[in-house]
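Student: I've got a structure open and I'd like to learn how to read it. Could you walk me through some features?

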Amino acid sequence: MRILAVTTLRNEAPYIVEWVAHMRAIGVTDLLVYTNDCDDGTDALLAVLAKQGVLHHIVQQVPKGTSPQWQALKAAWKHPLRKSCDWAVACDVDEFINVHLGEGSLHDLIAAVPDLTDAIAMPWRLFGNAGIDRFEDRPITEQFQQAIPADAMFSIAATFFKTLFKPAGPFNGFGVHRPKQKDAAKHPRPYWIAYDMAQDATLLG
């Protein structure tokens, strides 16, 4: 099974290796990384990782007035990796997917949902700064461990989510939080599952 993660970066060099290692550890097989206007070594680091086959890196030139993130998501949908993967997710470098099933991999999550599932909504868990007010050269996941309650409904951001989905389903593009859906009048509606991080379970959505 091939699982693709797509992300956009600009000047994120100190955080890349930890995030990439985390994504690979939870079962992501392909990482597609787009960057623009980096001047902190991000592109150089990604070039090394790409040379070693760890990820795929594309440097974009972003026209004035264009959103770098949306330009990357549109390009990613046309990329061969998207066309050959079984599941995909658009995820930022400050977002760490945390699965509470089996051994904690995306494969465990996918195995827990019905075969007809097209998309799995994964709720955000918002973290604070844990009293840290300056950069420390330590893993993000070791430093920031104070989070909002899992069942919080406020602020509105606490109700946001990211989506792991089948590109072969009734979708026609990446979105920041969920894939773009094909015209429901011409295509079947997608079958969604909401993954409840708090209860370590998958719930019908």
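**Reading contacts, one feature at a time**

Tutor: Let's start with a charged pair: Asp30 and Arg2 form a salt bridge, with their closest N and O atoms 3.1 Å apart. Keep in mind that this is a predicted model.

Student: Where do Asp30 and Arg2 lie in the chain?

Tutor: Asp30 is in strand β2 and Arg2 is in the segment before β1, so this salt bridge ties together parts 28 residues apart in sequence.

Student: Is Asp30 buried or exposed? And what about Arg2?

Tutor: The cut-off you need is that buried means under 20% relative accessible area, and exposed means over 50%. Asp30 comes out at 10%, so Asp30 is buried. Arg2 has 34%, so Arg2 counts as partly exposed.

Student: How many salt bridges are there?

Tutor: The count is five. Another one joins the side chains of Glu95 and Lys162, at 2.7 Å from N to O. That pair links distant parts of the chain: Glu95 sits in the loop between β4 and α5 (106-111), Lys162 sits in strand β6, and they are 67 residues apart. Both Glu95 and Lys162 are buried. Asp92 comes in too, as Asp92, Glu95 and Lys162 are linked in a network of salt bridges.

Student: What is the distance between the closest N and O atoms of Arg138 and Glu136?

Tutor: It's 3.0 Å, and Arg138 and Glu136 form a salt bridge. Arg138 is partly exposed at 38% relative accessibility, and Glu136 is partly exposed at 29%.

Student: Now helices. How do I read which way the residues point?

Tutor: An α-helix has 3.6 residues a turn, so residues three or four places apart point the same way. Try α3, residues 68-78: Ala72, Leu73, Ala76 and Trp77 are buried there. Looking down the axis of α3, you'd find the buried residues within an arc of 135°, so they line one face of the helix. On the other side of α3, Lys74 and Lys78 are exposed.

Student: What covers the buried residues of α3?

Tutor: The cover includes strands β1 (3-9), β2, β4 (87-90), β6 (161-165) and β7 (171-173), along with helix α4 (80-84).

Student: How should I describe aromatic rings that pair up?

Tutor: You describe a pair by the distance of the ring centres and the angle of the planes. This structure holds seven aromatic pairs. One of them, Phe161 with Trp192, is edge-to-face, at 6.4 Å centre to centre and 85° between the planes. Phe161 is in strand β6 and Trp192 in strand β9 (residues 192-196), so to speak a link between distant parts of the chain, 31 residues apart. Phe161 is partly exposed at 25% relative accessible area, while Trp192 is buried at 16%.

Student: What else is going on around Trp77?

Tutor: Trp77 forms one aromatic cluster with Phe165, Phe171 and Phe174. Arg82 also lies over the face of Trp77, at 3.9 Å from the ring centre.

Student: Let's finish with a loop residue. Where is Asn36?

Tutor: Asn36 is in the loop between β2 (30-35) and α2 (42-51). A loop residue can still be checked for burial, and Asn36 counts as buried at 6% relative accessibility.

Student: Which residues does Asn36 touch?

Tutor: Leaving out residues up to four places away in sequence, Asn36 touches Leu9, Arg10, Gln60, Val62 and Pro68. The side chain of Asn36 also makes a polar contact with the side chain of Asp37, at 3.1 Å.

Conventions: Residues are numbered from 1 along each chain as its sequence is written. This is a predicted model: local features need pLDDT of at least 70, side-chain atom pairs count only at pLDDT 80 or more; totals for chains, interfaces and linings use all residues. Side-chain values use heavy atoms; hydrogens and water are left out. Helices (H or I, at least four residues) and strands (E, at least two) are DSSP runs, numbered from the N terminus. Buried means under 20% relative accessible area, exposed over 50%, partly exposed in between (1.4 Å probe, protein chains only). A polar contact is a pair of N or O atoms within 3.5 Å; within protein, one must be able to donate a hydrogen and the other to accept it, and residues adjacent in sequence count only if both atoms are side-chain atoms. Contact means heavy atoms within 4.5 Å. The arc is that of the directions from the helix axis to the C-beta atoms. Rings of Phe, Tyr and Trp (its six-membered ring) pair if their centres lie within 6.5 Å; planes under 30 degrees apart count as stacked, over 60 as edge-to-face and the rest as tilted. A charge sits over a ring if NZ of Lys or CZ of Arg is within 6 Å of the ring centre and within 35 degrees of the ring normal. A salt bridge is a side-chain nitrogen of Lys or Arg within 4 Å of a carboxyl oxygen of Asp or Glu.
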